[in-house]
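Student: Could we go through this model together, one question at a time? I'd like to see the reasoning behind each answer.

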Amino acid sequence: MSGSQGPRREARPRRPDPPPLEVDESKVIAIGVACWGVALVVLLAFHSRLAHHHDSWWSWTCVAGIGLGFWGWLLVRKRVAERKAGRSRQRDTPAGS
């Protein structure tokens, strides 16, 4: 009886992957940075209470989130510009080249 695992199920064919979504990454990053900004404002309103409990590092976490968000936004803008430049180069290149 060792190794008996019961009846085996037949493998169903795998469905095809859905196509990727077209998303404006700049808007997603802007929303994220805005959320970090709101969190920073709220934490600054309670700064004295946070400092009393030695939790002022939470504010610095928000600052880091805002900084990394802006850095990501710059990288996305650069990637979008490179993609547009590549498309225009493809259109300008003759088909036989």
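Student: Happy to start with a single residue. In which helix is S59 found?

Tutor: Good place to begin, and keep in mind that this is a predicted model. The protein chain has three helices and zero strands, and its pattern along the sequence is α-α-α. Helix α3 covers residues 57-92. S59 is found in helix α3.

Student: Is S59 buried or exposed?

Tutor: The cut-off for buried is under 20% relative accessible area. S59 has a relative accessible area of 8%, so this serine counts as buried.

Student: Which residues does S59 touch, not counting residues up to four places away in sequence?

Tutor: One of the partners is L50, which lies in helix α2. L50 is itself buried, because its relative accessibility is 9%. The full set touched by S59 is L40, L43, L44 and L50.

Student: With what is L50 in contact, leaving aside its neighbours within four places in sequence?

Tutor: We have already met S59 as a partner of L50. Seen from the side of L50, the contacts also include a tryptophan, W58. The complete list is L43, D55, S56, W58 and S59.

Student: What does α3 reach from its first C-alpha to its last?

Tutor: Helix α3 has 36 residues. At 1.5 Å a residue, the expected value is 52 Å. The model comes close to that, with a reach of 53 Å.

Student: Which residues of α3 are buried?

Tutor: An α-helix has 3.6 residues a turn, so residues three or four places apart point the same way. That is a handy idea to hold against the list for this helix. What covers the buried residues of α3 includes α1 (25-45) and α2 (47-52). The buried residues are S59, C62, G65, I66, G69, G72 and V76.

Student: Which element gives the largest share of the largest nonpolar core?

Tutor: That core has eight residues in all: I29, V33, L40, L43, L50, C62, I66 and V76. The elements that give two or more residues to this core are α1 and α3. The largest share, four residues, comes from α1.

Student: What does I66 touch, not counting residues up to four places away in sequence?

Tutor: I66 is one of the core residues, and V33 and L40 belong to that core too. Both V33 and L40 are among the residues that I66 touches. The whole set is V33, W36, G37 and L40.

Student: How many disulfides does a search of the whole structure find?

Tutor: A disulfide is a covalent bond between the sulfur atoms of two cysteines. C62 counts as buried because its relative accessibility is 3%, whereas C35, at 49%, counts as partly exposed. The number of disulfides found in the whole structure is zero.

Student: What kind of aromatic pair do W57 and W58 form?

Tutor: A search of the whole structure finds one aromatic pair. For W57 and W58, the rings are 5.9 Å apart centre to centre, with 90° between the planes. Planes over 60 degrees apart count as edge-to-face, so the angle settles the matter. The pair is edge-to-face.

Student: Is W57 buried or exposed?

Tutor: The cut-off for exposed is over 50% relative accessible area. Its partner W58, at 37%, therefore counts as partly exposed. At 52% relative accessibility, W57 counts as exposed.

Student: Where is H54 found?

Tutor: Phi of H54 is near 60°, a positive value in a residue other than glycine. H54 is also exposed, because its relative accessible area is 67%. Its place is the loop between α2 and α3.

Student: To finish, what percentage of the residues in the protein chain is buried?

Tutor: The protein chain exposes about 9,100 Å², and carbon and sulfur atoms supply 62% of that area. The chain has 97 residues, and the buried share is 12%.

Terms used:
Residues numbered from 1 in each chain as written. Predicted model: local features only at pLDDT ≥ 70, side-chain atom pairs only at ≥ 80, totals over all residues. Heavy atoms only, no water. Disulfide = S-S within 2.5 Å. Buried < 20%, exposed > 50% of the residue type's maximum accessible area, 1.4 Å probe, protein only. Expected span 1.5 Å × (residues − 1). Contact = heavy atoms within 4.5 Å. Areas by Shrake-Rupley, 256 points an atom, 1.4 Å probe, with all protein chains shown as cover. Core = buried A, V, L, I, M, F, W, Y, C linked by side-chain atoms within 4.5 Å. Phe/Tyr/Trp six-rings, centres within 6.5 Å; stacked < 30°, edge-to-face > 60°.
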